[in-house]
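Trainee: I would like to take a close look at one part of this structure, namely its salt bridges. May I ask for a connected explanation?

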Amino acid sequence: MKKYVLLVETGADMPADLADRFGIYQVPMHVSFGVETRDDGAIPIHELFSYYEKTGMLPKTSGCTPSDFEKIFDEIHTQHPDSHIIHLAYSAATTCSYQSAVIAAEERDYITSIDTKHVSAGQTMTTLAVMHYIRQNPDCTPEDIIEAVALIRKNCQMAFFPGDLAYLKAGGRVSNAAYLGAKILSLNPLIEVNDGLLQATKKYRGSIQKVAPKMLQDYAVEKNLDKRLITLVYSEGLDEALKNTLTHDAENLGFEKILWMRTGCVVSSHSGPGAFGVCGFAENEALNRIFSSAEQ
């Protein structure tokens, strides 16, 4: 039986208690404030937002470098010399991390890197599902895991509202005209993660207090999300009363377990304060076999 250790980037926004509970390692992505570059996870979120408010400049984010992966690969291998490392990567379409891992893994035959084609909660939920798959299939090979990831990531669904479009504009992800139009008309673009890409798919009109509950209901129904678990994602600044409302709404929709996840600096630097998102798995018979005996 092959032993496995799972690894993700900090851009997965995996809560520390989950990572500790399941022995999942995290390698830091990076955020640059002018000439200073710091590790994601080592920066208070409010410091990132304050920097933008004071300077008008958006902190720049970057993926993990080959040397970042060499360091964490060696650390894990020293601690678990008989284990195979499964790196479940942040979407390769959005950052260099996956390619950096591939480079670092050269001549290290105990590593398999797989593109989850997700970010933030989508990457975390895909990773937890892979962990459960391995527990149910202790004799699985790395090739089996690659096949399982293809099924899991395809059925993992994630969408979110940015908290402040000014952050997307500053990062060059929306034009000035689109930004001004959205502000004037009070439009909230829904961003969905599709095959690793972040794509605006529809617009909701109104305040976040009005549109977040509607989006939660719409998305749960349209994507036929499995009722056993839903993850609600937010960036610092989302109103606590709204969070309580959304928790109750998810319960009323029949979700048995509700996990709240806060975005870290990498994701927050693009979404801005007060973002809200939904992540879950579409109902699927093959996935049911993975989740049926999953540890709660």
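Trainee: With which residue does Glu36 form a salt bridge, and how far apart are the closest N and O atoms?

Mentor: Please keep in mind that this is a predicted model. In it, Glu36 pairs with Arg38 in a salt bridge whose closest N and O atoms are 3.9 Å apart. That distance qualifies because the cut-off for a salt bridge is 4 Å. Side chains of opposite charge can pair when their charged atoms come close. Glu36 counts as partly exposed, with a relative accessibility of 41%, and Arg38 also counts as partly exposed, at 22%. The value for Arg38 is to be read against a limit, because buried means under 20% relative accessible area. The pair belongs to a network of salt bridges that links Glu36, Arg38 and Glu47.

The structure holds ten salt bridges, and two others deserve attention. One of them joins Glu192 to Lys223, with the closest N and O atoms 3.6 Å apart. Glu192 lies in strand β9, whereas Lys223 lies in the loop between α9 and β11, so this salt bridge ties together parts that are 31 residues apart in sequence. Glu192 is buried, at 8% relative accessibility, while Lys223 is partly exposed, at 25%.

Another salt bridge brings together the side chains of Glu240 and Lys243, at 3.6 Å from N to O. Both residues belong to helix α10, where they are three residues apart and therefore separated by about one helical turn. Here Glu240 is partly exposed, at 49% relative accessibility, and Lys243 is buried, with a relative accessible area of 10%.

Notes:
Residues numbered from 1 in each chain as written. Predicted model: local features only at pLDDT ≥ 70, side-chain atom pairs only at ≥ 80, totals over all residues. Heavy atoms only, no water. Buried < 20%, exposed > 50% of the residue type's maximum accessible area, 1.4 Å probe, protein only. Helix = DSSP H or I, 4+ residues; strand = E, 2+ residues; numbered from the N terminus.
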